[in-house]
Amino acid sequence: MLAQRFGSEYQTDEKFINEFLEIVKKYPGSCDEVWLASEYGFSKLEKHRDTAEKLCGVAERLRSDGLRVSLQISNTIGHGQYMASKDCSGLIYEGSPVEHMIGPDGNAAGYCFCWNGKHFQNYTVSMLKEYAKTNLIQCC
């Protein structure tokens, strides 16, 4: 099985999707599945909800052309400081109780969230529910 991962920058761009599907039709067997990506960053849940709704339409289009669709969760634990350039307003805000990883020097890593932290776990579950509410992912 051949899978193609779409980047979050292009996955809702209609021109990109059309060109991709033209290539797949031109070269049968070149792609069986597309991985769409969740919103990159730890944004507010409303942003994830909007992204999930947009991706749902893309998923339907890809499925109608015979491709399987999966969802890749873009945010992994421990990416670190470069996440400061992304929207992290769902976890980092005034008075946020989010727990951070602590380095060997005793300093908190500002954009590395502790996977044992309840606030981080609750955020992650809530974010995943936003994608699960849509028809984006279907069981086999």
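# Briefing on the core, the sheet and selected loop residues

The largest nonpolar core of this chain has 27 residues, and those with the most contacts inside it are Phe20, Val34, Leu36, Phe42, Leu62 and Leu67. Two or more residues each are given to this core by helix H1 (14-26), strand E2 (33-37), helix H2 (45-64), strand E5 (108-113) and helix H3 (118-132), and H2 supplies the largest share, which is five residues. The model is a predicted one, and every value below is computed from it.

**Overall layout**

- The chain has three helices and five strands, and when it is read along the sequence these elements follow the pattern β-α-β-α-β-β-β-α.
- The C-alpha trace of the chain spans about 55 × 30 × 25 Å along its principal axes, and of the 140 residues in the chain, 34% are buried.
- The accessible surface of the chain comes to about 8,400 Å², and carbon and sulfur atoms account for 53% of that surface.
- If one takes the contacts between residues at least 6 apart in sequence, 72% of them join residues that are at least 24 apart.

**The three-stranded sheet**

- Three strands form an open sheet in the order E1-E2-E3, and their pairing is parallel; the edge strands, each of which pairs on one side only, are strand E1 (3-5) and strand E3 (68-72).
- Neighbouring strands of this sheet are turned against each other by 25° on average, with direction ignored.
- E1 and E2 pair in the parallel sense over three bridges, and in this pairing alanine 3 has glutamate 33 of E2 as its bridge partner.
- E2 and E3 likewise pair in the parallel sense, here over five bridges, and leucine 36 has leucine 71 of E3 as its bridge partner; leucine 36 is also one of the residues with the most contacts inside the largest nonpolar core.
- Why can E2 be described as largely enclosed by the rest of the structure? Four of the five residues of E2 are buried, and it is therefore largely enclosed by the rest of the structure.

**Phenylalanine 42 and its surroundings**

- Phenylalanine 42, which is among the residues with the most contacts inside the core, touches a set of residues that lie beyond its neighbours within four places in sequence, namely Asn75, Met83, Asp87, Cys88, Ser89, Gly90, Leu91, Phe113, Phe120 and Tyr123.

**Lysine 44**

- Lysine 44 lies in the loop between E2 and H2, and with a relative accessible area of 48% it is partly exposed, because that value falls short of the cut-off for exposed, which is over 50%.
- Lysine 44 and serine 89 are 45 residues apart in sequence, yet their C-alpha atoms are 5.8 Å apart in space.
- With its neighbours within four places in sequence left aside, lysine 44 is in contact with Ser89 and Gly90, and both of these residues also appear among the contacts of phenylalanine 42.

**Serine 96**

- Serine 96 has its place in the loop between E3 and strand E4 (100-102), where its side chain reaches the backbone nitrogen of valine 98 at 3.2 Å.
- Apart from neighbours within four places in sequence, the contacts of serine 96 are with Leu91 and His119; Leu91 is also one of the residues in contact with phenylalanine 42.

Key:
Residues are numbered from 1 along each chain as its sequence is written. This is a predicted model: local features need pLDDT of at least 70, side-chain atom pairs count only at pLDDT 80 or more; totals for chains, interfaces and linings use all residues. Side-chain values use heavy atoms; hydrogens and water are left out. A nonpolar core is a set of buried Ala, Val, Leu, Ile, Met, Phe, Trp, Tyr and Cys residues joined through side-chain atoms within 4.5 Å. Buried means under 20% relative accessible area, exposed over 50%, partly exposed in between (1.4 Å probe, protein chains only). Contact means heavy atoms within 4.5 Å. Two strands pair if DSSP finds at least two bridges between them. Axes are lines fitted to C-alpha atoms, for helices over the stretch in contact, and angles run from 0 to 180 degrees between N-to-C directions. Accessible areas come from the Shrake-Rupley method with a 1.4 Å probe; for residues, only the protein chains shown count as cover. A polar contact is a pair of N or O atoms within 3.5 Å; within protein, one must be able to donate a hydrogen and the other to accept it, and residues adjacent in sequence count only if both atoms are side-chain atoms.
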